[in-house]
Amino acid sequence: MAQLWGGRFTKETDRLVYDFNASIRFDRRLFHQDIEGSIVHVKMLAKQGILTESERDSIAAGLEGIREDVDAGRLVIDETCEDIHSFAEAELIRRIGDVGKKLHTGRSRNDQVALDMRLYIREQVIETDRLLKELLSVILKIMEENVETYMPGFTHLQKAQPVTLAHHFGAYFEMFKRDGQRMADIYERMNYCPLGAGALAGTTYPLDREYSAELMGFYGPTMNSMDSVSDRDYLIEFMAALSMVMMHMSRFCEEIIIWNSNEYQFVEIDDAYSTGSSIMPQKKNPDIAELVRGKTGRVYGALMSLLTTMKGLPLAYNKDMQEDKEVSFDALDTVKSCIVLFTGMLDTLKVNKERMEKSAMNGFANATDAADYLVMKGVPFRDAHGIIGRLVLYCIEKNTSIDALSLAELKAISEQFDEDIYEAVSLKTCVEKRLTIGAPGAEAMRRVIELHREYLKGDD
């Protein structure tokens with residue numbers, strides 16, 4: 001068992017204790033970041049005259065060889081080592097001898113793991129943002145194709161006012177766009193380098209922390225060595241942002257599940273994203289949408305786990321912080337797979353435009369517009385509201401809709417109705433006259449869609 005700290009101890013660690021303490025089963029995921037950080041560290045040490053150029057080149061070549069061999073499958077990461085740092089250093093010493101023991105000069109495992117995790121999460125923030133952009137592209141494509149696909153808009157799951165499918169999907173575009181912006185915010189705050197912070201109080205070696213940060217693409221070094229090794233804010237922020245992504249997908253999935261039901265039939269989920277029943281041959285179940293909805297709680301759990309782990313920790317590093325990795329890795333894997341599957345499900349979704357339009361026509365979604373019609377005729381809004389309420393009740397009793405009533409029936413309720421009422425309450429009119437930016441009218445929607453195109457183009 002390779003250990004970096006055995007000199008202080010006279011008894012060998014109990015195997016159960018050792019296994020409980022070890023982290024290599026999960027921090028092996030940080031292998032590439034660990035190698036990258038170590039190579040940068042020795043370059044900086046040589047620049048500062050702490051290592052010779054020959055020592056730098058020997059160590060860097062050894063580390064690159066380890067990376068190449070692991071990637072090619074010629075070397076298997078030894079899980080009897082305590083952590084990924086121990087494995088890399090032990091293998092380096094085995095390959096190049098005592099010069100490999102100089103790798104850890106001016107560095108603690110505390111700032112080493114802080115660096116590894118920050119490098120890894122930085123990559124994941126970028127990758128998550130890329131996946132969100134792919135999802136936004138699919139949503140935008142559906143919006144472009146459905147600017148005049150009329151459907152009921154809902155509040156309280158009750159039909160409220162007519163909108164379009166483009167407008168409805170546009171609401172989710174805004175949500176996932178904000179998710180992408182959160183990724184950019186997290187990147188800006190986290191992109192500072194903790195390497196050189198040491199265990200908690202820096203080091204007596206004349207390290208050039210700015211140089212190390214520059215080599216790894218950080219904006220600069222972190223400014224407090226204690227905070228550097230104990231900061232998990234960026235990770236909690238990322239888990240919170242991922243929870244928001246899952247919440248948005250879960251809401252969307254809930255609607256798709258409802259729309260896919262026999263009662264609605266607004267959409268049909270592609271066979272590739274559905275399953276059948278083991279006993280009922282007629283069933284086509286929206287399993288992917290349900291699983292995305294279900295896995296949301298799993299990601300929330302990771303966020304709560306991290307918050308709970310960190311809430312009572314004194315400065316600086318504590319072993320509790322090792323618990324940040326497994327839950328974070330699981331949440332990351334969950335969210336990325338959910339985004340990919342959800343994007344594919346949306347991209348193959350079949351829209352039943354006729355069914356949506358018929359539903360909008362039959363649900364009194366034009367009642368508000370009928371009230372507005374009376375207001376334009378000089379009727380006070382509160383009176384107009386009451387008139388349309390009586391009109392809706394009459395339609396329910398007759399099992400009909402406002403636009404299907406005769407003019408005589410309409411005038412029996414209010415003399416203010418005239419022939420132009422039919423045009424005023426048509427779905428097209430109800431939607432198209434809503435032209436303020438952000439509204440569902442075609443002209444307004446096309447302006448928004450163009451802005452969305454520019455937004456996605458700007459991130460290429």
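A nonpolar core, as I use the phrase today, is a set of buried Ala, Val, Leu, Ile, Met, Phe, Trp, Tyr and Cys residues joined through side-chain atoms within 4.5 Å. Please keep in mind throughout that this is a predicted model.

With that in hand, the largest nonpolar core here has 73 residues, and the ones with the most contacts inside it are I121, F169, F176, M239, F342 and L346. At least two residues of this core come from each of the helices α6 (109-145), α7 (165-190), α10 (233-259), α11 (287-310), α12 (324-347) and α19 (442-458), and the largest share, 16 residues, is supplied by α10.

Let me take I121 as a way into that core. If we set aside neighbours within four places in sequence, I121 is in contact with M190, Y234, L235, F238 and L332. There is also a second, separate core, made of 23 residues, which includes V42, I66, A88 and L92.

I would next like to turn to a serine, S328, which lies in helix α12. Is S328 buried or exposed? S328 is buried, with a relative accessible area of 0%, and, again leaving out neighbours within four places in sequence, S328 is in contact with M117, L235, M239 and L306.

Now to the cysteines, where one may ask how many disulfides the model contains. The count comes to 0 disulfides, the criterion being a pair of cysteine sulfur atoms within 2.5 Å. For C253, the closest cysteine sulfur is that of C338, and because the separation is 8.0 Å, the two are too far apart for a bond. C253 is itself buried, with a relative accessible area of 0%. C395 is likewise in no disulfide, since the nearest cysteine sulfur, in C430, is 14 Å away, and C395 is buried as well, at a relative accessible area of 0%.

Finally, I come to Q265, which is found in the loop between α10 and β3 (267-268). Q265 is partly exposed, because its relative accessible area is 36%, a value that falls between the 20% limit for buried and the 50% limit for exposed. Which residues does Q265 touch, not counting those up to four places away in sequence? They are W259, N352 and R355. As for N146, Q265 and that residue are 119 residues apart in sequence, and their C-alpha atoms are 17 Å apart in space.

Technical notes. Residues numbered from 1 in each chain as written. Predicted model: local features only at pLDDT ≥ 70, side-chain atom pairs only at ≥ 80, totals over all residues. Heavy atoms only, no water. Buried < 20%, exposed > 50% of the residue type's maximum accessible area, 1.4 Å probe, protein only. Helix = DSSP H or I, 4+ residues; strand = E, 2+ residues; numbered from the N terminus. Contact = heavy atoms within 4.5 Å.
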